[in-house]
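Please walk through the side-chain packing and the ligand surroundings of this model with me, one question at a time.

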Amino acid sequence: MSANSLPKEAAVWHNLEIDKTLQVLESDRTSGLSSTEVQQRQARYGLNELQETAGRSPFVILVDQFKNIMLLMLIAVAVVSAILDLRSGSFPKDAIAISLIVILNGILGYLQESRAEKALAALKRLSSPLVRVLRDGKLSEVAAKELVPGDVMLLEAGVQLAADGRLIEESNLQVRESALTGEAHAVEKQAELHLPKDTALGDRINLVFQGTEIVQGRAKAIVTGTGMQTELGRIAALLQSVESEPTPLQKRMEQLGNVLVSGALGLVALVVGIGVLRGGAFEELLEVSLSMAVAVVPEGLPAVITVTLALGTQRMVKRKALIRKLPAVETLGSVTTICSDKTGTLTQNKMVVQNAYTNHRAFKVTGEGYEPNGEFQIDGTKANSQEYPELQALLVACALCNDSNLQQDQGQWIIIGDPTEGALLSLAGKAGVERDQWQARLPRVAEFPFSSERKRMSVICTVEPEVSNQALQNGLLEAQSYVMFTKGSPELTLERCDRIHTGDRIVPVTQEQRAQILTQNDQMAGNGLRVLGFAYKPLTNVPPDNSQETSELGLVWLGLVGMLDAPRPEVRDAVAKCRVAGIRPIMITGDHQLTARAIAADLGIAQASDRVLIGQELERMSQEELEQQVDLVSIYARVSPEHKLRIVQALQKRGRFVAMTGDGVNDAPALKQADIGIAMGITGTDVSKEASDMVLLDDNFATIVAATEEGRVVYTNIRRFIKYILGSNIGEVITIAAAPILGLSGIPLTPLQILWMNLVTDGVPALALAVEPAEPNVMNRPPFNPRESIFARGLGSYMVRIGIVFAIITIALMIWAYNYTNAPGYPRDPNTWKTMVFTTLCIAQMGHAIAIRSNTQLTIELNPLSNPFLLGAVVVTTFLQLLLVYVPPLQQFFGTYYLSPFELAICFGFSALMFVWIEGEKLFVRLVKKGG
Ligand code: ATP
């Protein structure tokens, strides 16, 4: 290949034969590219990445910032204030300050929103998939962005394609191409075709395209285009549009804005009305109104909320939970029910075969991990596997009906692929049954792939004539031209068998034998083992594609294999934590009911005697019947992905707030339906990740609980600073309104001073409150209803109560200060009382910030250093406030007056009352609770 662009054939890949494609791309179907070639191609073509185009244009994001009703009101205030100032010939300082704030708020909102979108996009990339490729003749997994043209990809169900490719071979391949064509139905693909040049994109069934999803089957394909050179890359409009949904909180804040603005307008009408009746000057009343309008708007709140959510996402990612949709950060704390898969999430997904059972003989298998080293034992004595033809045949089935790879990596045995299958390769290896050797003797020609619905899979292999005798010797009786190996759930596999392999014969399977096998299965499952059943079938022809339902009948039963998948040790604690936190864990598994129950009991998810609902029963139930059961059942076994959807819906109907895990391609609908859809970062398919709100980087149940805890902390902190900020706003508004009503001449606070308070003296401590660590009881209480109003659970009444207390303290000070500074003989400006009011409001908020750290614990009971930011914020803010009062240029700009030490002390004294009041409230509640 030459130059930087793809060869000229690039436009017509569908028109090329497979060999020609391989030739053009200078690649090999069995060994792929060499590492040096990959490096050169990466340098030539760049990384396999799409150029980002943001979901909304920057202009739209900017304009959206000004759609906020509170900002609109501020703009109106600025206009009126400018007119008033210009008319009276003074410099429109307030108007300019307000306009600056409005613009700043807009810019800040814009920056945060676009940064949030970028950050989310980056987080999503973190969970970006690994692609299986052949390089240097070996199978390896590489990051999608490292793919280059010529790479040979191995594809299977659940994969979202990371590049465009030409199929080299395929089996039952179906691809959903809706990302590209809008067509929801999956398309059947075929490798061995070569199509006319003018074939439409949707009909190029020998190609696969980036962004499309494999729903069934498997394939090998050679990468023909990467990055912007793909079909998806060409339709730039569809790219990487990161949805930016308003979070429930943002929606609530909008409602809050409406309430505040209408409340403020009502109050303004009242003050102006009373003022006019009392003969006040209209212009002064208008100024009072303007101040009130500025006071009511919590200018600093949007920034604080965004920062809190962003910090929450970061904390979660540190705990291995990756948020894909922002609302999840705050709603996670409301989860009442966690529906979790078993394998890999509750258990370690490290399988080790412990038992095998063939022809009435139970074998124990020793060895650890995936290392193919260990013994077969019967009743504690070593047994030679070669002496048992049915065991030998079973092991051949283990090796061949298998898609995983067992490899040695730096001395460690690792598997690439499904751990269940890896354990089977290791088992076969322990008896010297090597997959590669057997694959040469019995090459695979077709397959019926595994799916969670079918719970089994089959492969069809050719029996090479020269080895048929050998195959016979190795226990595969009646071998014909072909042989099919089937493995899957024991009950379902046994149902499809009519004969059984016993030593040197194949005989019809009796009812007694069936019962015996099932009892053995129950026994293994009852010990928590994951059990698979094996069978085979001699064939004269290769069965046609998609004929699994008929072809997988009349099988010859081989035996059972039981493997241990130990529970994750940390899950037990996580489950206990859930219980205390009022969260119900539920296990939903495709595995056998007894395996499920044993593991659930071990982890504390259910009692050993608890009812288990199995897929077949669920199938027979109506949705209403299921709704009646969902609150009672904690284990669902042998379920299919579509059952998961029904279970979520039933739980939601009962008012539960459901988190649901999933990994398979068919789990996507349930993940979307769940309130929090959780995909697995390691084993999850790309499709499930795409449908999820959160991805577990370590696939671990305990991580869900950790994320829930963080969610609760975020939500509690948000409520805390909303209380803090709005309590102060209400105090300010009432104080301003009181002045003319009390007949004081002059407005206590100018709009500029109010902006200072709302942004700096309220805003900075509020930011520090946003990083307040978790209260110790955060997981000791039931979850809060995510649909509750922002004012619920005392928040509304707190705001009003504290606002009134705040106002009473300030008004008391205001009356005293007014009389003091307007008394005859007062040495300085009689307006000094205004600065005292201003200072008291600011300093009282410092006490408020310190006291509000905990709703229940007294400040002296808290570690003052557990939130050093708050201490810092209080010190810095108080210092800044003093600068405003004592530095002449600032005095001039903000319209403040010098305060004598005595006056300052009075301000601090009144301010302290705020702290005392809130601490007193906590004590009072404690005493009442004790008394009750
Ligand atoms: P969970 O839903 O908790 O992850 P699971 O892994 O058992 O549990 P599935 O992967 O849907 O769920 O598997 C369902 C059943 O299918 C298993 O219990 C097993 O009997 C069978 N099975 C699993 N993996 C394979 C496989 N690779 N080949 C054949 N059968 C399998």
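Helices (H or I, at least four residues) and strands (E, at least two) are DSSP runs, numbered from the N terminus. This is a predicted model in which local features need pLDDT of at least 70 and side-chain atom pairs count only at pLDDT 80 or more, while totals for chains, interfaces and linings use all residues. Residues are numbered from 1 along each chain as its sequence is written, and side-chain values use heavy atoms, with hydrogens and water left out.

Q: In which strand does Asn 172 lie, and is Asn 172 buried or exposed?
A: Asn 172 has a positive phi of about 50 degrees although it is not a glycine, and its place is in strand β4 (residues 164-176). Buried means under 20% relative accessible area, exposed over 50%, and partly exposed in between (1.4 Å probe, protein chains only). Because its relative accessibility is 7%, Asn 172 in strand β4 counts as buried.

Q: Where does Asp 699 lie, and what is its relative accessibility?
A: Asp 699, a residue other than glycine, also has a positive phi, near 60 degrees. Asp 699 belongs to the loop between β28 (694-696) and α26. Asp 699 counts as buried, because its relative accessibility is 3%.

Q: Which helix gives the most residues to the largest nonpolar core?
A: A nonpolar core is a set of buried Ala, Val, Leu, Ile, Met, Phe, Trp, Tyr and Cys residues joined through side-chain atoms within 4.5 Å. Of the 138 residues in the largest such core, Ile 338, Phe 701, Phe 721 and Ile 722 touch the most other members. The helix that gives the most to this core, with 18 residues, is α26 (residues 701-741).

Q: Which side chain makes a polar contact with the side chain of Gln 881?
A: Gln 881 sits in helix α31 (residues 868-886) and is buried, because its relative accessible area is 1%. A polar contact is a pair of N or O atoms within 3.5 Å; within protein, one must be able to donate a hydrogen and the other to accept it, and residues adjacent in sequence count only if both atoms are side-chain atoms. At 2.9 Å, the partner of the Gln 881 side chain is the side chain of Trp 756.

Q: How do the planes of Trp 816 and Phe 902 meet, and what is the angle between them?
A: Rings of Phe, Tyr and Trp (its six-membered ring) pair if their centres lie within 6.5 Å, and planes under 30 degrees apart count as stacked, over 60 as edge-to-face and the rest as tilted. Eleven aromatic pairs are found in a search of the whole structure; in one of them, Trp 816 and Phe 902 are 6.1 Å apart, centre to centre. This pair links distant parts of the chain, with Trp 816 in helix α29 (residues 795-821) and Phe 902 in helix α33 (residues 901-931), 86 residues apart. The pair is edge-to-face, and the angle between the planes is 65 degrees.

Q: How far from an oxygen atom of the ligand does a backbone N or O atom of Lys 342 lie?
A: A residue is near a molecule if one of its heavy atoms lies within 4 Å of it, and of the 20 residues around the ligand, Lys 342, Glu 421, Ser 452, Arg 530 and Arg 638 come nearest. A polar side-chain atom of Asp 591 lies 3.1 Å from an oxygen atom of the ligand. For the backbone N or O atom of Lys 342, the distance to a ligand oxygen atom is 2.6 Å.
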